[in-house]
Amino acid sequence: MAKNVVIIGTQWGDEGKGKVVDWLTDTARGVVRFQGGHNAGHTLVIGGRKRVLRLIPSGILRDGVVCYIGNGVVVSPAALLQEIDELESAGVSVRDRLRISQSCALILPYHVALDQAREARRGDAKIGTTGRGIGPAYEDKVARRALRIHDLADPARFRARLDEALDLHNFTLKHYLGAEPVDAARVADEALALGERIAPMVADVPALLAQSMARDEPLLFEGAQGALLDVDHGTYPFVTSSNCVAGYAAAGAGVGPQSLHYVLGIVKAYTTRVGAGPF
């Protein structure tokens, strides 16, 4: 196997990427998620135990493998900690092997509210999102109003930027989508409390990856969704909100493209589609 491998789905998702990543992790020292959020669903069975990983890289079930969540991923603190708690209750060591980029944009409750209210308003013309806030979080990132993981370390700054974001989003929820507005103080209190639990895992992921590659350690870059759901190259507008193609692995992880040695596209014998849209 080439040293650093990018693994992506070549259809509309559900190709079995997580299983392939898990098999190849036998020869890897690290696994990197580089896009998407907790809208993935990588199902693994190891030692008779079935686990569905939505945000944490599939290498987490292998002892000694370091798992990285790159800057291209949008992170729900609540979903992340729930997944960590579920894995650790099953005896999987997570916190000492998980590294989260400080630059990840956050998914907060108002993103979920926006996502679900928009889909409800569309009716039969809905996109078919998971309703977990991934799309609105990426919108905020591109609009340069996202709150990021490093903002959790500065409560005053976090609250100020949250108030600014909610001025817009609560107006949209109430006056355009006909939904209930979100309470800023409650969102801030909950996020900052969760941030204290996440803080020990936050790291400069590009620097750690550079150090790992300097030690000649093989890495896997794990894609989510599939190429035909890519926001640029998929069946737009019935797509996800991130770039799912191999080329985004460099930007979403914070490594140079010359560091990626091989691309492995996963395909299954029959085709299914995740979400609504032409098929």
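Aromatic pairs are absent from this predicted model: their count is zero. An aromatic ring does, however, take part in another kind of arrangement, in which Arg121 lies over the face of Tyr176, at 4.2 Å from the ring centre.

The sheet provides the framework for the rest of the description. Seven strands make up an open sheet, and their order across it is β9-β7-β5-β2-β10-β1-β11. The pairing is parallel. Strands of a sheet pair through backbone hydrogen bonds, in either a parallel or an antiparallel manner. At the edges of this sheet stand β9, residues 202-203, and β11, residues 262-266, each of which pairs on one side only.

One may begin at the β9 edge and move inward. Strands β9 and β7 are joined in the parallel sense over two bridges, and Ile100 has Val202 of β9 as its bridge partner. Strand β7 also pairs with β5, which covers residues 66-69, again in the parallel sense but over three bridges. Here the bridge partner of Cys67 is Leu98, a residue of β7.

Towards the other end of the order, β1 (residues 4-9) and β10 (residues 219-222) pair in the parallel sense over four bridges. Within this part of the sheet, Asn4 stands opposite Leu219 in β10. Helix α1, formed by residues 17-24, packs on the sheet and touches β1, β2 (30-33), β10 and β11. The direction of α1 makes about 160° with that of β1. The loop between β1 and α1 contains Asp14. The phi angle of Asp14 is near 60°, a positive value in a residue other than glycine.

A second loop, between α2 (77-89) and β7 (98-101), contains Arg95. Is Arg95 buried, partly exposed or exposed? Its relative accessible area is 30%, and Arg95 is therefore classed as partly exposed. The side chain of Arg95 is joined to that of Glu88 by a polar contact of 2.9 Å. Beyond residues up to four places away in sequence, Arg95 touches Leu81, Ile84, Asp85, Glu88, Arg197 and Met201. One of these contacts spans a long stretch of chain: Arg95 and Arg197 are 102 residues apart in sequence, while their C-alpha atoms are 10.0 Å apart in space.

The loop between β10 and α8 holds several further points of interest. Ser242 is found in this loop, with α8 covering residues 248-253. Ser242 counts as buried because its relative accessibility is 5%, under the 20% limit for that class. The side chain of Ser242 makes a polar contact of 2.9 Å with the side chain of Gln35. Apart from residues up to four places away in sequence, the residues touched by Ser242 are Gln35, Gly36, Tyr138, Gln225, Leu229, Asp230 and Val231.

Gln225, one of the residues touched by Ser242, also lies in the loop between β10 and α8. With a relative accessible area of 9%, Gln225 is buried. Its phi is positive, at about 60°, although Gln225 is not a glycine. Pro237 is found in the loop between β10 and α8 as well. The peptide bond that joins Tyr236 and Pro237 is cis, with omega at about 5°.

Technical notes. Residues are numbered from 1 along each chain as its sequence is written. This is a predicted model: local features need pLDDT of at least 70, side-chain atom pairs count only at pLDDT 80 or more; totals for chains, interfaces and linings use all residues. Side-chain values use heavy atoms; hydrogens and water are left out. Two strands pair if DSSP finds at least two bridges between them. Contact means heavy atoms within 4.5 Å. Axes are lines fitted to C-alpha atoms, for helices over the stretch in contact, and angles run from 0 to 180 degrees between N-to-C directions. Buried means under 20% relative accessible area, exposed over 50%, partly exposed in between (1.4 Å probe, protein chains only). A polar contact is a pair of N or O atoms within 3.5 Å; within protein, one must be able to donate a hydrogen and the other to accept it, and residues adjacent in sequence count only if both atoms are side-chain atoms. Rings of Phe, Tyr and Trp (its six-membered ring) pair if their centres lie within 6.5 Å; planes under 30 degrees apart count as stacked, over 60 as edge-to-face and the rest as tilted. A charge sits over a ring if NZ of Lys or CZ of Arg is within 6 Å of the ring centre and within 35 degrees of the ring normal.
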